Each structure stands twice: as C-alpha cells, then as structure tokens.
Amino acid sequence: MNKAFTKESDAADDDDDGPSLPPLPAGSKNYITPAGYARLRGELLSLIDVERPKVVEVVHWAASNGDRSENGDYIYGKKRLREIDRRIRFLTKRLDIAEVADPSLHHGSDQIFFGATVTYANAKGEERTITIKGIDEADHLHGEVSWVSPIARALLKAREGDEVSLMTPGGVETVEVIEVRYPRPEH
C-alpha cells in the first residue's frame with residue numbers, strides 16, 4: 001500500500017506538551033507574578049469548563065453523522081481536542097511548579113528583584129524600560145522579559161545608578177540602571 005494512504009499515529013502529536021520555552025536554570029523555581037498565575041489558571045479553567053465541552057459536543061454530533069473518514073467536523077474536532085488536551089497538560093504542569101512571587105513586597109526599593117520595572121540606558125544614552133516577569137507570562141511586545149533572559153540576569157540585584165555588563169552578540173555592553181519601580185501593594 002502507498003504510504004500516502006496509511007494512518008499516521010496520533011502519539012507523535014502527544015509528545016509535545018506545549019510551546020517551547022526556555023528551560024529553567026537547574027535547581028531554580030518557576031517564578032510567576034500573582035497576575036500571571038491568575039491568567040494561566042483562568043485559561044486552564046476556561047479550557048476545561050468551556051472550550052473542551054463545546055468541542056466534545058461537536059465531535060459527538062459529527063461522529064453520529066456516519067462516515068468519519070471524510071467528515072471535516074469530526075477530523076478537525078479530534079485534532080482540536082488533542083490541541084486542547086496538550087495545552088491543559090502543559091498548563092497543569094507549569095502551575096504545579098509555579099512559585100508565586102509578589103513584586104509589590106519590594107515597593108519603594110531601588111534594588112532590582114523579580115517583578116521590577118527597570119529603566120536603563122546603554123552607552124549611547126538610549127533608554128529602554130522592561131518589566132522582569134516569569135517565563136510563562138513574559139510578553140516581549142509589551143516590554144516584559146523573562147527573569148532568565150540575559151538582560152534580566154545582568155540587572156538582577158543591581159540598584160539605581162549601578163552600571164552592569166551585558167553580554168550581547170556584538171560583545172559586552174555596559175548599561176546604567178536609571179530607575180527601578182514596583183507595583184503598589186493592594187490592601
């Protein structure tokens with residue numbers, strides 16, 4: 001039989017439990033802000049309580065229509081269920097190992113820790129502002145970087161006015177910490 005007509009195993013799809021994220025440094029914890037934890041937990045609950053049941057209903061309806069080999073609703077639905085289940089496994093694993101760290105505990109400090117919003121300048125005087133977040137919540141498009149990123153690693157524990165060395169593809173660059181901010185505690 002021609003290989004084009006053989007059924008491929010779905011097991012290969014199930015090996016990958018989620019997006020490829022940078023590995024955690026050995027012996028470290030998966031730090032995440034309270035807001036990031038709540039967002040991931042909300043996504044997990046939405047997948048379990050809302051999206052998955054809807055897709056199961058569509059797959060059940062499509063399966064009852066007869067021939068499944070050419071049934072687009074059934075084929076797409078089964079594929080979507082695998083994607084949802086993979087994301088559920090990924091989120092469950094990440095939330096299980098998450099260490100919630102509240103950056104507001106450092107409000108008023110000028111030293112850089114997890115959750116800090118830092119403004120720094122390079123040797124040319126170009127300023128950039130970043131917020132140091134967890135691996136699972138950092139959004140580079142919004143100026144958020146993971147705490148394991150090179151810039152965050154270089155800045156951690158520095159204070160306002162300090163100069164730190166940053167390894168870049170172009171060589172070592174010196175950046176100066178201009179400002180360190182933390183969110184206000186909510187009481």
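The following exercises with worked solutions concern a predicted model.

Residues are numbered from 1 along each chain as its sequence is written, and side-chain values use heavy atoms, without hydrogens or water. Local features need pLDDT of at least 70 and side-chain atom pairs count only at pLDDT 80 or more, whereas totals for chains, interfaces and linings use all residues.

**Exercise 1. Aromatic pairs**

Determine how many aromatic pairs the model holds, and classify the pair of Y31 and F114.

Solution. Step one is the rule: rings of Phe, Tyr and Trp (its six-membered ring) pair if their centres lie within 6.5 Å, and planes under 30 degrees apart count as stacked, over 60 as edge-to-face and the rest as tilted. By this rule there are two aromatic pairs. In step two, Y31 and F114 prove to be tilted, with 5.9 Å from centre to centre and 40° between the planes. Step three places them: Y31 belongs to strand β1 (residues 30-32) and F114 to the loop between β2 (98-100) and β3 (117-121), so the pair ties together parts 83 residues apart in sequence. Here helices (H or I, at least four residues) and strands (E, at least two) are DSSP runs, numbered from the N terminus.

Step four takes the other pair. The ring centres of Y31 and W147 are 5.3 Å apart and the planes stand at 75°, so this pair is edge-to-face. W147 sits in the loop between β5 (144-146) and α4 (150-155), 116 residues from Y31. Ring pairs thus join Y31, F114 and W147 into a cluster.

**Exercise 2. Exposure of the cluster**

State which class of accessibility applies to Y31, to F114 and to W147.

Solution. Buried means under 20% relative accessible area, exposed over 50%, and partly exposed in between (1.4 Å probe, protein chains only). Y31 has 29% and is therefore partly exposed. F114, at 12%, is buried, and W147, at 7%, is buried.

**Exercise 3. The nonpolar cores**

Identify the element that gives the largest share of the largest nonpolar core.

Solution. A nonpolar core is a set of buried Ala, Val, Leu, Ile, Met, Phe, Trp, Tyr and Cys residues joined through side-chain atoms within 4.5 Å. The largest has 23 residues, and those with the most contacts inside it include I130, I151 and L155. Two or more residues come from each of β3, β4 (127-133), α4, β6 (163-168) and β7 (171-181). The largest share, four residues, is that of α4. Another core, of 16 residues, lies apart from it, with L44, V59, Y74 and A98 among them.

**Exercise 4. Two helices**

Describe how helix α2 and helix α3 are arranged relative to each other.

Solution. Axes are lines fitted to C-alpha atoms, for helices over the stretch in contact (heavy atoms within 4.5 Å), and angles run from 0 to 180 degrees between N-to-C directions. The axes of α2 (residues 34-63) and α3 (residues 72-96) come within 9 Å and cross at roughly 160°. Angles under 35 degrees count as roughly parallel, over 145 as roughly antiparallel, 65 to 115 as roughly perpendicular and the rest as oblique. The two helices α2 and α3 are therefore roughly antiparallel.

**Exercise 5. A backbone angle**

State what is notable about the phi of K157.

Solution. Most residues other than glycine have a negative phi. K157 is not a glycine, yet its phi is positive, about 75°. K157 lies in the loop between α4 and β6 and is exposed, at 60% relative accessible area.
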